[in-house]
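Trainee: I have the model open and would like to take a close look at one part of it. Could you walk me through it slowly and then show me what surrounds it?

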Amino acid sequence: MSDHIAFVLNGRPVTATGASPAMTLLDWLRGSARLTGTKEGCAEGDCGACTVVLEDATTERGGPCAPVNACLLMLGQIHGRAVRTVEGLRGADGTPHPVQRALAEGDGTQCGYCTPGIIMSMYAFAVGGEPAQPELIHDALAGNLCRCTGYRPIVEAMARVAQLPEARIAAAATVAASMPEVPAGPVFRTAAPAGQPDGARFDVPATMDALLALRRDHPDAWLLAGGTDLGLRVSHDREVPAHVVYVGRVPELQVIAATPGRLRIGAAASYARLLPQLDGALMPFGAMVRRLGSRQIRAMGTIGGNLGTASPIGDTLPVLLALGASVHLRSAANGTRAVAIDDYFVGYRRTALRADEIIEAVEIEVPARDEIFHVDKVSKRRDQDISAVLGAYRLRIDGGIVRAARLAFGGMAATPARARQAEAALVGRPWSDATVAAAAAVMEGDFQPVDDWRGSARYRQVVAGNLLRRLHVRVTRPDVALEIDRL
Ligand SMILES: Cc1cc2nc3c(=O)[nH]c(=O)nc-3n(C[C@H](O)[C@H](O)[C@H](O)COP(=O)(O)OP(=O)(O)OC[C@H]3O[C@@H](n4cnc5c(N)ncnc54)[C@H](O)[C@@H]3O)c2cc1C
Ligand code: FES
Ligand code: FES
């Protein structure tokens with residue numbers, strides 16, 4: 001048990017005594033630490049003005065330096081970790097860091113409000129040693145908005161620091177030397193002094209047993225993973241949780257295990273850690289995850305959180321439905337039970353998860369080489385946008401006949417759902433234009449989507465049918481260019 005949060009900030013150990021563990025890192029940096037370089041723009045993970053770097057995180061490319069949104073991270077989450085802010089970039093003699101020089105000299109800043117966040121994304125990119133390929137640069141900047149400079153000079157500055165040896169300061173070594181110890185007990189707890197209005201209990205169980213006992217005894221506590229959904233309630237809605245249980249330190253929840261034909265994903269493994277596993281037969285899943293939020297969101301967000309929120313537009317959920325995944329739920333009383341993903345969603349944002357259970361993992365059967373597996377995300381912007389419709393499909397064709405089909409969609413109903421009538425219209429029939437057109441037509445009876453700002457009900461119906469037609473073209477006519485960037 002501890003009453004303070006300890007972490008490494010800009011290479012030096014600090015303790016945040018008396019601070020509420022459920023306040024955001026951004027509020028602590030700007031308020032208590034008086035480090036106002038890190039800005040607040042949207043307070044909901046979209047603009048990137050609050051970007052800082054976690055120096056001990058695993059990134060999508062295996063590097064140790066991940067950009068994250070300080071507006072979404074709760075202070076308790078960073079206990080025992082290492083954070084770098086824009087103030088921690090200049091040299092000992094006060095000279096600007098090479099990424100700062102590159103942006104300033106390249107006219108990549110005007111009003112300057114977005115600049116610290118962009119600098120930190122550039123820094124993570126440079127330290128990661130990525131090459132100056134346009135798609136990598138755009139991907140690394142997708143979580144940072146600039147309202148006045150225009151992106152060309154920013155992209156050019158980024159290209160100049162890519163693989164620049166002096167842009168890679170030895171951040172990791174500084175961290176290793178000064179990392180505070182995380183208490184060894186099974187439950188670490190820190191709370192603001194009694195009487196403080198923003199006092200909160202924040203448990204960080206280090207073992208599965210401790211987590212399950214907390215879940216059993218405190219079913220109303222917030223169960224926190226990456227915080228890219230829950231963090232908005234603190235940052236944007238200014239809610240003050242009375243009790244948070246952070247699941248990120250339980251080793252079993254971090255395990256990603258690939259065995260022949262199967263992949264098990266621990267509920268608290270970040271998308272950034274998961275991505276390198278999604279190659280080969282699961283490549284379409286990986287391509288979709290690269291469009292989930294931004295690098296900042298993928299460094300924090302988890303598949304367990306996507307399943308916990310169970311939004312009808314949660315991007316991984318139709319994919320898990322198409323793959324026929326099983327969700328492993330665990331409680332102190334009953335151990336682990338595997339729930340078929342078809343039985344997991346029981347209503348709008350309601351699931352089979354019981355009050356005393358946690359999501360432990362999800363297991364996927366990897367499609368065989370001769371199966372068709374594909375995912376299409378349709379959103380207004382390519383990056384950092386929520387889906388209007390997401391389609392995921394797994395089919396087995398044998399001798400020109402469809403033998404099995406799972407077609408799943410997000411954005412079409414109150415839950416992510418399969419298109420059962422369309423599936424029935426495919427199975428047992430030739431894999432032909434006529435069959436696919438008939439299946440796309442009956443799919444209109446599968447869903448009654450809603451109108452909202454992402455798309456009208458009619459738009460969604462037409463898109464879903466067209467996605468099935470497009471899948472058929474993709475498979476049968478590989479010569480046809482189907483991606484806008486390849487036309
Ligand atoms: C800017 C931005 C962009 C986004 N873009 C996308 C997008 O493109 N596609 C998309 O699908 N989502 C998107 N999201 C939403 C979010 O990133 C995902 O839903 C993510 O998977 C949530 O994971 P998390 O670990 O952050 O969950 P958290 O916020 O920590 O938790 C979410 C919910 O899951 C529950 N939970 C978490 N872990 C467990 C567990 N082990 N057992 C039981 N319950 C648990 C929590 O109690 C909570 O109810 C975006 C969010 C932001 C802020
Ligand atoms: S303030 Fe906009 S992403 Fe954090
Ligand atoms: S320089 Fe003004 S918002 Fe980017």
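Leaving aside its neighbours within four places in sequence, which residues is Val378 in contact with?

Mentor: Happy to, and please keep in mind that this is a predicted model. Once the neighbours within four places in sequence are set aside, Val378 touches Ser387, Ala388, Val389, Leu390 and Val463. Val378 itself sits in strand S17, which covers residues 371–378. Is it buried or exposed? Val378 counts as buried because 20 other C-beta atoms lie within 10 Å of its own, and the cut-off for that label is 20 or more.

One of those contacts, Val463, leads us to helix H18, where Val463 is itself buried. Just beside it in sequence is Ala464, another buried residue of H18. The C-alpha atoms of Val378 and Ala464 are separated by 9.7 Å, although their positions lie 86 residues apart along the chain.

H18 deserves a moment of its own. The helix runs over residues 457–476, 20 residues in total. From first C-alpha to last it reaches 29 Å, close to the 28 Å expected at 1.5 Å a residue. Its buried residues are Arg460, Gln461, Val463, Ala464, Gly465, Leu467, Leu468 and His472. They pack against strands S17 (371–378), S18 (389–398) and S19 (401–410), and also against helices H16 (420–426) and H17 (433–442). The strand that holds Val378 is thus among the elements packed against H18.

With that picture in place, let us turn to the ligand. The shell around ligand 1 has 31 residues, and Gly45, Ala225, Gly226, Gly305 and Gly308 come nearest. Strand S8 (222–224), helix H12 (295–300), helix H13 (303–309) and strand S16 (357–365) each supply at least two residues of that shell. H13 gives the most, with five residues. By character, the shell divides into 14 nonpolar, 13 polar and four charged residues.

S8 also has a strand partner: three bridges join S8 to S9, and the two run parallel. Within that pairing, Leu223 has Val245 of S9 as its bridge partner. S9 (residues 243–246) is joined by three bridges to S7 (residues 201–205) as well, again in parallel. There, the bridge partner of Arg201 is His243.

Elsewhere in the model, five strands form an open sheet in the order S2-S1-S5-S3-S4, with mixed pairing. Its edge strands are S2 (12–17) and S4 (66–69), each pairing on one side only. On average, neighbouring strands of this sheet are turned by 40° against each other, direction ignored. S1 (residues 4–9) pairs with S2 in the antiparallel sense over six bridges, and Ile5 has Ala16 in S2 as its bridge partner. Helix H3 (residues 115–127) lies across S3 (51–54) and S4, running at about 30° to S3.

Finally, here are two backbone details you may want to check on screen. Arg34 has a phi near 55°, a positive value in a residue other than glycine, and is found in the loop between helix H1 (25–30) and S3. Arg34 counts as exposed because it has 8 C-beta neighbours inside 10 Å. Arg349 also has a positive phi, about 55°, although it is not a glycine. Arg349 is found in the loop between strand S14 (345–347) and strand S15 (350–351), and its 14 C-beta neighbours inside 10 Å make it partly exposed.

Note on methods. Residues are numbered from 1 along each chain as its sequence is written. Chains are lettered from A and ligands numbered from 1 in the order in which they are written. This is a predicted model: local features need pLDDT of at least 70, side-chain atom pairs count only at pLDDT 80 or more; totals for chains, interfaces and linings use all residues. A residue is near a molecule or strand if its C-beta atom, placed from the backbone, lies within 6 Å of it. Helices (H or I, at least four residues) and strands (E, at least two) are DSSP runs, numbered from the N terminus. Ala, Val, Leu, Ile, Met, Phe, Trp, Tyr, Cys and Pro count as nonpolar, Asp, Glu, Lys and Arg as charged, and the others, Gly among them, as polar. Two strands pair if DSSP finds at least two bridges between them. Axes are lines fitted to C-alpha atoms, for helices over the stretch in contact, and angles run from 0 to 180 degrees between N-to-C directions. Two residues are in contact if their C-beta atoms, placed from the backbone, lie within 7 Å. The expected span of a helix is 1.5 Å times one less than its number of residues. A residue is buried if 20 or more other C-beta atoms lie within 10 Å of its own, exposed if 12 or fewer, and partly exposed in between; C-beta atoms are placed from the backbone.
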